[in-house]
Every structure is written in C-alpha cells, then in structure tokens.
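Biologist: I am new to this structure and would be grateful for a close look at a single part, the aromatic rings and what surrounds them. Please take me through the details in a connected account.

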Amino acid sequence: MLAGKIVTIGEILVEIMATTTGEGFLEPQPLIGPFPSGAPAIFIDQVGRLGHPAAIVSAVGDDDFGRLNLDRLAGDGVDVSAVTVHEGAATGSAFVRYRPDGGRAFVYNMRDSAAGRIAATPEAEAVLAQAGHLHVMGSGLPVPAVAAMIRKALPELKAKGGTVSFDPNIRREMLRENGSRAIFQAVLEATDLFLPSGEELSLFSGETGEARAVASLLAAGVKEIVLKRGAGGASHFSRDGRVDRPGFAVTEVDPTGAGDCFGATFLVARRLGRSVDEALRYANAAGAHTVTRQGPMEGSASFAELDRFIAEVE
C-alpha cells in the first residue's frame, strides 16, 4: 500500500427520498430517510470500507443529521477529526424525488447549511499533512473555502510525492460561475487519475470525440483516465493503451453514489498494486452493488463483500 491517507474535502449531507415517482415537491409526499450522503462523503466512506486509511475535511451541524453521518463514517474507518461540528447550523440536506423517466428532482439546503462553513481549521491542516493522495470532487470547488484549501494543498502534496484524483461531478453551467474555470483547470493540471463520465471528457479537454479528448488530456499530463459508462462498465486510458471492462447486470434500486463508490474502489485497488483490469472489475462491482441498495452509502462494501457479489452476478 502506498504511504499516506486518502483525503477528500467537501460536503456532507443527508438525503431524504420521496417514495412516489413524479415531478418535484409541490404536494405532500411520503418520504424515506435520512440517509448519509454527499459525494465526497460517499467516496471516502467506500475508501474506509476497503480498509485504506481515509479522512475527510468537512462540516456538519450539531444535530441528528450530522451525528448520523459522523457515526457512519467513523464506523467505516474514516478519520472525521477534521469535520467541524457547528452549533446553530443545520447539516446539509437533499430531498429527492424520482421522475418516471428515471431522472431526479432535488430540493437542496446546502449554501446556508454547515457545509457552507467548511474552513481551513488546524484539524483540517493536520489531516491534509497526513495525505498521500487527495481526491477532489468538482461539486465542492465552487465553495471558496474548499477551493482555497485545495489550491494550497496541491503543490504541497505534489512536492512530497503525493498523487491526485479528480472526479468532475459537475454541470456544464458550473464552469461559467465566477472564478470556477480557473480552479477546475488548476486541479486538472495536477491530476494523476481523472474520473469523468458523459460529456465531462470533452468538457475538460475542449475536444469533440472520445479518442481526441483522451489524447488531449494525456498529452496535458494526466496519467490515467477512467471513463465511467454506468451500466456499460468503464474504460481506462493511459500512455500504455486502453483497457475496457463491461459492467455487471443488476436491478437498479437507487443510482446515487454509484460513481463515487466506483472511483474509490478503483483508486484503492490501484494503490494496493492491483492491475488496471482487476481494479476496473472491482470498481464496476462496487458501482453495481451500490445501485442495488436504497440510500447513497448503503451499498458501500469491503473487498470480501465485493468478491461475494461478483461470484453471485458474474
């Protein structure tokens, strides 16, 4: 195992889901939840479940939703010493309702929640000093304090031989927000492992067409690209060539968190010295396992659990 913790910075929230399908929340709905959530939190929880040293820098409110998340993360092996608990602030939340076509409608409380108060505390600086790898989630970069911490951490981490992974996890319009493109570009320039899906490959390369986009990113210095294809599996690109792995056929219950668990599993497998093909196999299994459970973190799994899952569905 490579030295140092895998660390991420970003939002922690709870997810509460409507049990009916439809459009939005303009009428009373039966609900299920709360479930621990937040893309960085889901990612790092999966890292912890796989037995790799892990930590998150974040903030929650002094409430049941915050304790629910902290208990889950700590129980799964994640260092939560850099998660600030803010009295008088609410933990972030997302209310979710699925549309008949499989799309989702969200009502978020993030900007005014504790997640909007993430800061470079002494505890955060201590955790970042222990990092051997920094995982950056695009969803947190528009938050000024998060962007500032990442800007500071990147050169320090690289100077000591650390590595960086980047999951854009964004909408196109986020790049048009003030200052956003600059921080996204700075992260991309430091990225060793890029984890895009859908249009993100062309969005960050500026090229149309998969082959041209991949070639452009590799030429710019990215060492590995893993293109997530959902149920279709994934493709790995590097200067050594291309590796494709099909997905696993499962019945989808809830897709939230699948990409985060995929990325965490691929990263940990590679840090443990597994081959690209084997890492893709485990990552695809982690994503597929996640979608069979309701709740973003409910499908996180250890390597032993993934081995059993693979044996059942292959």
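**Aromatic rings and their surroundings**

Modeller: Phe184 is buried, as its relative accessible area is 1%, a value under the 20% that marks a buried residue. This is a predicted model, and the values that follow should be read in that light. Phe184 belongs to helix H5, which covers residues 180-190. Its ring forms an aromatic pair with the ring of Phe166; the centres are 6.2 Å apart and the planes are at 40° to each other, an arrangement classed as tilted. Phe166 lies in strand S10, residues 163-167, and the pair thus links distant parts of the chain, the two residues being 18 residues apart. Phe166 likewise counts as buried, because its relative accessibility is 0%. Beyond this pair, ring pairs join Phe166 and Phe184 with Phe194 and Phe204 in a cluster.

In general, two measures describe a pair of aromatic rings: the distance of the centres and the angle of the planes. In total, the model has 9 aromatic pairs. Among them is the pair of Phe106 and Tyr108, whose ring centres are 5.2 Å apart. The planes of Phe106 and Tyr108 meet at 10°, so this pair is stacked; the cut-off for stacking is an angle under 30 degrees. Phe106 has a relative accessibility of 31% and therefore counts as partly exposed. Tyr108, at 52%, counts as exposed.

The stacked pair leads to a sheet, since strand S8 spans 104-109. This open sheet has 4 strands in the order S3-S2-S7-S8, and its pairing is mixed. Strand S8 stands at one edge and strand S3 (31-37) at the other; each has a single partner strand, so one side of each has no neighbour in the sheet. From one strand to the next, the twist averages 20°.

As a general matter, strands of a sheet pair through backbone hydrogen bonds and may be parallel or antiparallel. Strand S2, residues 13-18, runs antiparallel to S3, and 5 bridges join the two. Within this pairing, Ala18 stands opposite Leu31 of S3. Helix H2, formed by residues 64-75, lies across S2 and S3 and runs at about 55° to S3.

One further ring has a charged group as its partner. The charged end of Arg274 sits over the ring of Phe303, at 4.9 Å from the centre of that ring.

Conventions
Residues numbered from 1 in each chain as written. Predicted model: local features only at pLDDT ≥ 70, side-chain atom pairs only at ≥ 80, totals over all residues. Heavy atoms only, no water. Phe/Tyr/Trp six-rings, centres within 6.5 Å; stacked < 30°, edge-to-face > 60°. Buried < 20%, exposed > 50% of the residue type's maximum accessible area, 1.4 Å probe, protein only. Lys NZ or Arg CZ within 6 Å of the ring centre and 35° of its normal. Pairing = 2+ DSSP bridges. Axes fitted to C-alpha atoms, helices over the stretch in contact; angles between N-to-C directions. Contact = heavy atoms within 4.5 Å.
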